[in-house]
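Visitor: Could you pick one part of this model and take me through it slowly? I'd like the local geometry first, and then whatever helix packing you can tell me about.

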Amino acid sequence: MNAVTNDITQFERALRDEPMRSHTSWRVGGPADLFFKPTSVPELQHVLADLPPETQVYWLGLGSNLLVRDGGIRGAVIATTGLPKDLARVDDQRVRAGAGVACMLLAKQCVRFKLGPAAFFAGIPGTVGGALAMNAGAFGGETWEHVETLLTIDRRGEVRTRPRTDFATSYRTVRGPVEWFLGATFRFEHDAESSMATIKTMLARRNATQPVGVPSCGSVFRNPAGHFAGRLIEQAGLKGRRVGGAQVAEKHANFIINTGDATAADIEALIDEVRATVQRQFGIELELEARILGEPAAPSSGGGR
């Protein structure tokens, strides 16, 4: 570890040089200098307040849309999955959910409450915090369509409640104060039509068209206006294209899978090739939906630090 000072050795719960491949759905990624998994908001506040100001902080949910490079992350990673998974009905139309709550759980609970449309959350392979950060969506629904208020925390550990109007959102994009989401209150309508069968039907449709059960991050690219990224990639003849252990999925071309021995460098190289090919053939620049963090492996390290 070379980028974090000894001032933080007081954090007994911090994991050092934690391999990020253990925390991302692509199952790749080098070590993070520091890895925290706070179990309460006060503990999180303590960590943020005491970290040196120059230490970069990265937030992690289920790691379902994250590519961490093989050289790892210089700074501190904070996993929100250890925070209390608060999920409660506020009144006839509103539900409060913490950042660490799985979107699947939110979907199921709203169906039980007969509130919706919320079943689409079952198709988001992450947590509420991650869904808020990127305005995640599935099956035609988007997270921020239902957000009313948000609980946030800043780099100094100060917690605030903010109205939805403090943020500007669009397709897979959220802009606003430089703070992180601890949770949100969602507003829904009465929905007597959705049921657990609705969720099962949605998931069955997803499983029939997407490569489930293999390491991936879900959709790699955003859909360009008027197009589907997967269709463009397929039309470019890239289905099945491989770089090392990374492969464009045969089942859905907007998925890149780890066939078993991929490195982050393999995946990133394949991402670059797909983007360049689509740009060359169709004049369309694909934008990433996945996030890429960290540093490449040092040339002499053979894939590690």
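Guide: Let's start at Pro117, which sits in the loop between strand S8 (115-116) and helix H3 (128-134). Keep in mind that this is a predicted model. The peptide bond joining Gly116 and Pro117 is cis, with omega at about 0°.

Now for helix H2 (103-113), which is what the buried residues of H4 pack against. H2 and H4 have their axes 9 Å apart and pack at an angle of about 145°. On the H2 side, the residues in contact are Met104, Ala107, Lys108, Val111 and Arg112, and they meet Met196, Ile199 and Leu203 of H4. Sorted by class, that contact has six nonpolar residues, two charged ones and no polar ones.

Let's look at the partner itself. H4 covers residues 196-209, 14 residues in total, and reaches 20 Å from its first C-alpha to its last, close to the 20 Å expected at 1.5 Å a residue. Which of its residues are buried? Ile199, Met202 and Leu203 are. Viewed down the axis of H4, the buried residues fall within an arc of 95°, so they line one face of the helix. The general background is that an α-helix has 3.6 residues a turn, so residues three or four places apart point the same way. Over on the other side of H4, Lys200 and Ala208 are exposed.

Back in H2's residue range, you may have spotted a couple of cysteines and wondered about a bond. How many disulfides does the structure hold? Zero. The sulfur of Cys103 has its closest cysteine sulfur in Cys110, and at 11 Å that is too far for a bond, because a disulfide needs the two sulfurs within 2.5 Å. Looking from the other end, Cys110 is in no disulfide either, with the sulfur of Cys103 as its nearest at 11 Å. As for exposure, Cys103 counts as buried at 0% relative accessibility, and Cys110 is buried too, with a relative accessible area of 0%.

Since you asked for local geometry, here are two backbone oddities to finish on. Phe139, in the loop between strand S9 (137-138) and strand S10 (141-142), has a phi near 50°, a positive value in a residue other than glycine. Phe139 counts as partly exposed, at 31% relative accessibility. Asp17, in strand S1 (residues 15-19), also has a positive phi, about 55°, although it is not a glycine. At 36% relative accessibility, Asp17 is partly exposed.

Methods: Residues are numbered from 1 along each chain as its sequence is written. This is a predicted model: local features need pLDDT of at least 70, side-chain atom pairs count only at pLDDT 80 or more; totals for chains, interfaces and linings use all residues. Side-chain values use heavy atoms; hydrogens and water are left out. Buried means under 20% relative accessible area, exposed over 50%, partly exposed in between (1.4 Å probe, protein chains only). Helices (H or I, at least four residues) and strands (E, at least two) are DSSP runs, numbered from the N terminus. The expected span of a helix is 1.5 Å times one less than its number of residues. The arc is that of the directions from the helix axis to the C-beta atoms. Contact means heavy atoms within 4.5 Å. Axes are lines fitted to C-alpha atoms, for helices over the stretch in contact, and angles run from 0 to 180 degrees between N-to-C directions. Ala, Val, Leu, Ile, Met, Phe, Trp, Tyr, Cys and Pro count as nonpolar, Asp, Glu, Lys and Arg as charged, and the others, Gly among them, as polar.
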